[in-house]
Every structure is written in C-alpha cells, then in structure tokens.
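Welcome! Could you help a newcomer find their way around this protein by working through a few short exercises? Take a look at it first, and then we will go through the solutions together.

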Amino acid sequence: MTATIDLNCDLGESFGPWEMGNDAAMIELATSVNVACGFHAGDADIMRKTVELAKARGVSVGAHPGYRDLHGFGRRPMPGLTSSEIENLIAYQVGALQAIATAAGHKVTHVKAHGAISNVACEDDMTARAIANAIKAVDRNLIFVVLANSKLVRAGEAANLRMAHEVFADRAYEDDGNLVSRKKPAAVLHDPKAIAERVVRMVQDGAVVSVTGKVIKMQTDTVCIHGDTHGAVEIARGLREALSKAGITVAPFKTAH
C-alpha cells in the first residue's frame, strides 16, 4: 500500500506592512495551511489574503489560534487562564477565520493550536480539554490537528473529534515525544537535505527519533513545516522531491477518531 502524507504549514503570520515568511511560495508546496487568527500574528487583511491564496491553489485552510501575545508571537506561556477563558480564546479566533473564509468563498476545515498554548496543552490536561471543547462547540466537524502521542490526542478522543496526528519536519524531539524547547540549541532544524531524509523515515517507519536517538512510534497523518523557519521554501521543496522519490504520495491528511 502506498504511503500518503499531508504537508501543512503555519502561514498568515505577517502583520500590517510587516511581512513574515513567503506565504505565496509555501502555499504552492503545502496541501493544508494553518492561518494565524490575529492574536499571536496576522490581522483581518492578512487572513483574507492568505485564505484567497489557499483557495486559488485548492489548499485546505485551518485556524491557527494562539495566546493573545503579538509581542511574543504567541510563544510565551500565559499561566493562570481558566478553562472557560481558554475555550473562549480558541472559539473567538476560529470564528474570526470562519467569517473571513466565508467572505472569501472558502471553508475552514481544521484547527491547530499555535506555539505556547499548544506546547502547554501537550502536557496539561485542562488546557488540552479546553481547546478540544472549544472546537467541538464551534463546529464538531472541524478536524483537530494534534501533536502525535500528546495529551491533545486524549482530549480529542474525549471530545469525539476527528483528528490528524502531526509530526514536525523542522523541530527536534525530546525522549518523551514533546518538542525540544526553542530556548534550547538545535531545537529548530535548517538543513533541507537532512530534514527531507528524516521525514521520509518518519513516514515510512511511523516514528520519530529523539535528540538522544530514541525511536518513538507515532501515528503520522501530517507533517508541519513552519513558514517562519529560515529557508522554509527550500525545505518544503526538498521534502516534496524526497517524498516523491520514495514513492510517498503528498495529499490532504487522512483522519481518525
């Protein structure tokens, strides 16, 4: 049976005249995109532009909600939020992108939490449940993109949401299956050839290799390349070529409960 994998990218992270990444080029290489919803990055105009680019390319669009932290790009934890506050935070951003997508004649198909709120949710049951519950309350048909093997998976199962299990092309993994903190050296990977070889093995083996060499089995439905990673376009292009050579089909993600 031929392996199939989705390539997703976090985009729409510019703000006003300030540009982040090359969204137009990345959309040509991705099969799904996650659009910033104005809290960690992006604004209404950037959201509309990103959705229109995705629609023209026939690429799936998902909401990428984060903490309300433009200054820190949503990558700083915000302790003390209640479950209700997190649910409202997520629902607000998903709804904003749904409105923009409707106006552009496109549709939001999935939700993937961004940055620090995702990292916290991978280890904190309350945060994970709040995100899942918010998605279910807005639209139970939305696909929940979850870090494979994390507490987000259990939260998605409890909410009976369809899920796409995600691995990261350009991030290193700890032995417990979580991502290495960006505060640590070598947390973000940049070598296109090494990344491509690594992802092909991930898809073929259904596993990732940690920083110490530990092999961690993971369901792999979708692979993320961060749009703000230096050299993201070259990484994505090299990855698509490597997957094709390995006989792996690149297509929108399969989902499972």
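Below are exercises on this predicted model, each with a worked solution.

**Exercise 1. Find which residue forms a salt bridge with Glu28, and work out what parts the pair ties together.**

Solution.
- Step 1: Start from the general idea that side chains of opposite charge can pair when their charged atoms come close.
- Step 2: Look for the partner. Glu28 forms its salt bridge with Arg57, and their closest N and O atoms are 3.5 Å apart. The cut-off for such a pair is 4 Å.
- Step 3: Place both residues. Glu28 lies in the loop between helix H1 (23-27) and strand E2 (32-36), while Arg57 belongs to helix H2 (residues 44-57), so the pair ties together parts that are 29 residues apart in sequence.
- Step 4: Check the surroundings. Glu28 is partly exposed at 47% relative accessibility, and Arg57 is partly exposed at 32%.
- Step 5: Set this pair in context: the structure holds 8 salt bridges.

**Exercise 2. Decide whether Asp69 is buried or exposed, and describe its salt bridge with Arg76.**

Solution.
- Step 1: Recall that under 20% relative accessible area counts as buried. Asp69 has 7%, so Asp69 is buried.
- Step 2: Turn to the partner. Arg76 has 41% relative accessibility and counts as partly exposed.
- Step 3: Join the two. The side chains of Asp69 and Arg76 meet in a salt bridge, with a distance of 2.6 Å from N to O.

**Exercise 3. Trace the salt bridge between Arg75 and Asp228 along the chain.**

Solution.
- Step 1: The closest N and O atoms of Arg75 and Asp228 are 3.0 Å apart.
- Step 2: Arg75 is in the loop between strand E3 (60-64) and helix H3 (83-103), and Asp228 is in the loop between strand E9 (222-226) and helix H8 (232-245). The pair links distant parts of the chain, 153 residues apart.
- Step 3: Arg75 is partly exposed, with a relative accessible area of 27%, and Asp228 is also partly exposed, at 22%.
- Step 4: Salt bridges can share partners too: Asp10, Lys112 and Glu166 are joined in this way into one network.

**Exercise 4. Classify the pair of rings formed by Phe39 and Tyr92.**

Solution.
- Step 1: The count for the structure is 1 aromatic pair.
- Step 2: The ring centres of Phe39 and Tyr92 are 5.3 Å apart and the planes stand at 35°, so the pair is tilted.
- Step 3: Phe39 sits in the loop between E2 and H2, and Tyr92 in helix H3, which puts them 53 residues apart.
- Step 4: Compare their cover. Phe39 is buried, with a relative accessible area of 9%, whereas Tyr92 is exposed at 55%.
- Step 5: Phe39 has another neighbour to note: the charged end of Arg68 sits over the ring of Phe39, 4.5 Å from the ring's centre.

**Exercise 5. Find the side chains that make polar contacts with the side chain of His40.**

Solution.
- Step 1: Locate His40 in the loop between E2 and H2.
- Step 2: His40 is buried, with a relative accessible area of 1%.
- Step 3: The side chains of His40 and Glu13 are joined by a polar contact of 3.1 Å.
- Step 4: The side chain of His40 also makes a polar contact with the side chain of His114, at 3.5 Å.

**Exercise 6. Say what stands out about the phi of Asn149 and of Asn160.**

Solution.
- Step 1: Begin with the general rule that most residues other than glycine have a negative phi.
- Step 2: Asn149 is not a glycine, yet its phi is positive, about 75°. Asn160 likewise has a positive phi, about 60°, without being a glycine.
- Step 3: Asn149 is in the loop between strand E5 (143-147) and helix H6 (151-158), and Asn160 is in the loop between H6 and strand E6 (163-168).
- Step 4: Asn149 is partly exposed, with a relative accessible area of 44%.

**Exercise 7. Name the residues of the nonpolar surface patch of about 310 Å².**

Solution.
- Step 1: The patch is made by Phe15, Trp18 and Leu70.
- Step 2: Trp18 is found in the loop between strand E1 (4-11) and H1.
- Step 3: Trp18 counts as partly exposed, at 46% relative accessibility.

Technical notes: Residues numbered from 1 in each chain as written. Predicted model: local features only at pLDDT ≥ 70, side-chain atom pairs only at ≥ 80, totals over all residues. Heavy atoms only, no water. Helix = DSSP H or I, 4+ residues; strand = E, 2+ residues; numbered from the N terminus. Buried < 20%, exposed > 50% of the residue type's maximum accessible area, 1.4 Å probe, protein only. Patch = residues over 30% accessible without salt bridge, like charges linked within 9 Å, V, L, I, M, F, W, Y side chains within 5 Å. Areas by Shrake-Rupley, 256 points an atom, 1.4 Å probe, with all protein chains shown as cover. Phe/Tyr/Trp six-rings, centres within 6.5 Å; stacked < 30°, edge-to-face > 60°. Lys NZ or Arg CZ within 6 Å of the ring centre and 35° of its normal. Polar contact = N/O pair within 3.5 Å; in protein donor to acceptor, adjacent residues only side chain to side chain.
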